Amino acid sequence: MTFRPDHDLAGTIARLFVHPVKSCAGIEVRQALLTDTGLDLDRAWMVVDAAGHFLTQRTLPRMALVRPQLKVHEMVLRAPGMLALHVAIDQVEGPATVRLWDDTVPAWDMGPLAAQWFTDFLGQPCRMVRFDPEHRRLSSPKWTDGLEVPNLFSDGFPLLLASQASLDGLNERLRAAGHAAVGMERFRPNIVVDGLHAHDEDRIDRLYIGTGEGEEVHLQPTKPCARCPIPDIDPATAASSPEVGDMMRTYRHDRRLGGAVTFGMNAIVREGAGRMLRVGQPVAADLRFD
């Protein structure tokens, strides 16, 4: 039987990604626990400079080369030329206050060993911090219909949704212009859906996911994801070249964000926190046309 056959779109979850440390490499997983703040442990840690301001690939492309691995009780970070850093998932060193965009956020410092590891690899004084779960950092109510939507260290929303067809369309354009195709990792989504047409995610009113456990997950795409230079960074080498951004600027201007170049949709959790998302689960959606 087709999942929700009376809806406009039908597809499946094709890929799932968790990014434990903000702006470092993601981890592709077969399943992930959904929480109110997104996939479990997604953007739970962050790297900051000596003043407590957050660091990203925008200014430090080498962060793309830091590759996390999640184990039962620890996260292991690896990077070229570095010994592995073992970080206990449930241990912190002391309180900290950090700055993320316009938010001043209480956090937990991960200690001198983690600080020295990132300082050595990134070539400037750094600290590693963990989000304080007692703090409620909320998405902009302008995009959430006034709902209070908590986040960890994501840029502003719990989840990022993209479709495989959107990447396929971009790669067709890149190849036609003589460039190499790129991977979805450059766009750092949490959920990749297959079976949609290119950029159908831009127009989804509500995304329904069948968990096979008697209850559905309901996600609401809320704000188009405006793109910075990070998609121009090759996650395998940290080298940056402009062809991805240049190509998107030829066809991806979004009037909802004043003409900004967008790819993918930020999303919030409306129902289903505490459920497991798995690759292969069916999805359905209705379209809206604003």
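This report walks through the overall build of the chain and then its strand pairings.

## The chain as a whole

Keep in mind that this is a predicted model. The chain carries 21 strands along with three helices. Its radius of gyration is 19 Å, close to the 19 Å that the globule rule gives for 290 residues, so the chain is as compact as a globular protein of that length. If you drew a box around the C-alpha atoms along the principal axes, the box would be roughly 55 × 45 × 35 Å.

What about burial and surface? Of the 290 residues, 54% are buried. The accessible surface adds up to about 13000 Å², and carbon and sulfur atoms account for 51% of that surface. As for how the chain meets itself, take the contacts between residues at least 6 apart in sequence: 68% of these join residues at least 24 apart.

## A four-stranded open sheet

Which strands make up the open sheet, and in what order? Reading across, the order is β5-β11-β10-β9, and the pairing is antiparallel. At the edges sit β5 (45–49) and β9 (94–100), each of which pairs on one side only. Going from one strand to the next, the twist averages 50°.

Now zoom in on the β9 side. Strand β10 covers residues 103–109, and seven bridges join it to β9 in an antiparallel arrangement. One spot to look for in the structure is L100, which stands opposite D103 of β10. As a general point to have in mind while viewing a sheet, side chains in a regular strand alternate between the two faces.

## The helix across the sheet

On the β5 side, there's a helix to look at too. Helix α1, made of residues 112–122, lies across β5 and β11. Strand β11 spans 126–131, and the helix runs at about 130° to β11.

## Strand β21 and its partners

Strand β21 takes in residues 282–287, and one of its partners is β1, which covers residues 9–18. How many bridges hold β1 and β21 together? There are four, and the two strands pair in the antiparallel sense. Within this pairing, T12 faces P282 of β21.

Strand β16 (residues 204–210) also pairs with β21, again running antiparallel, and here five bridges join the two. To find the match-up on screen, start from I204, whose bridge partner in β21 is L287.

Methods
Residues are numbered from 1 along each chain as its sequence is written. This is a predicted model: local features need pLDDT of at least 70, side-chain atom pairs count only at pLDDT 80 or more; totals for chains, interfaces and linings use all residues. Side-chain values use heavy atoms; hydrogens and water are left out. Two strands pair if DSSP finds at least two bridges between them. Axes are lines fitted to C-alpha atoms, for helices over the stretch in contact, and angles run from 0 to 180 degrees between N-to-C directions. Contact means heavy atoms within 4.5 Å. The radius of gyration is taken over C-alpha atoms; the globule rule is 2.2 Å times the number of residues to the power 0.38. Buried means under 20% relative accessible area, exposed over 50%, partly exposed in between (1.4 Å probe, protein chains only). Accessible areas come from the Shrake-Rupley method with a 1.4 Å probe; for residues, only the protein chains shown count as cover.
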